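Let's walk through this model together, starting with a single helix and then widening the view. Keep the structure open beside you as you read.

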Amino acid sequence: WLCFLNGGLNYQIEHHLFPRISHTHYPTIAPVVREYCRSKNITYVHFPTVGENVASCMKHLYQLGHNKNCSNFVDGHGKKQQ
């Protein structure tokens, strides 16, 4: 239901890969994309909750504002992702 509520914002990877597909299909597409990324050793980051997504964004904005290591993505739990 979260995908419907926020228009698929929690599936940004799928949105950018398939911009013309309705956001209602992203939950179906996501496991296929995730498996493909895993098979090619590509990092796939998905936030299952809005809270985790917001926490990650806030942490990244803080890092940008304080000239911290901005080249690394930080997930909602504060773990660096390459």
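**One helix and its surroundings**

In this predicted model, the residues of helix α3 that count as buried are Y26, I29, A30, V33 and C37. Around the helix axis they cover an arc of only 110 degrees, which means that they lie on the same side of α3. Turn to the other side of α3 and you will find T28, V32, R38 and S39, which are exposed.

The helix itself takes in residues 26-39, 14 residues in total. From its first C-alpha to its last it reaches 20 Å, close to the 20 Å expected at 1.5 Å a residue. After α3 comes N41, a residue with a positive phi, near 60 degrees.

Now let us pick one residue from the buried set. A30 sits in helix α3, and its relative accessibility is 1%. Because buried means under 20% relative accessible area, A30 counts as buried. Which residues is A30 in contact with, once its neighbours within four places in sequence are left aside? They are Y11, E14 and Y44. You can also check a distance here: the C-alpha atoms of A30 and H15 are separated by 9.9 Å, and these two residues are 15 residues apart along the chain.

Next, the surface. A nonpolar patch is formed there by V50, V54, M58, L61 and L64. Together these residues have about 460 Å² of accessible area. One of them, L64, is found in helix α4, which runs over residues 50-65. Is L64 buried, exposed or partly exposed? With a relative accessible area of 41%, L64 is partly exposed, because that class lies between the 20% limit for buried and the 50% limit for exposed.

Finally, step back to the whole protein chain. There are four helices and two strands, and from the N terminus on the elements run α-α-α-α-β-β. The chain has 82 residues, of which 23% count as buried. About 6,000 Å² of the protein chain is exposed, and carbon and sulfur atoms supply 60% of that area. As for contacts in the chain with a separation of 6 or more, residues 24 or more positions apart account for 28% of them.

Conventions: Residues are numbered from 1 along each chain as its sequence is written. This is a predicted model: local features need pLDDT of at least 70, side-chain atom pairs count only at pLDDT 80 or more; totals for chains, interfaces and linings use all residues. Side-chain values use heavy atoms; hydrogens and water are left out. Buried means under 20% relative accessible area, exposed over 50%, partly exposed in between (1.4 Å probe, protein chains only). Contact means heavy atoms within 4.5 Å. Accessible areas come from the Shrake-Rupley method with a 1.4 Å probe; for residues, only the protein chains shown count as cover. The expected span of a helix is 1.5 Å times one less than its number of residues. The arc is that of the directions from the helix axis to the C-beta atoms. Patches are made of residues with over 30% relative accessible area and no salt bridge: like charges are joined within 9 Å, nonpolar side chains (Val, Leu, Ile, Met, Phe, Trp, Tyr) within 5 Å. A salt bridge is a side-chain nitrogen of Lys or Arg within 4 Å of a carboxyl oxygen of Asp or Glu.
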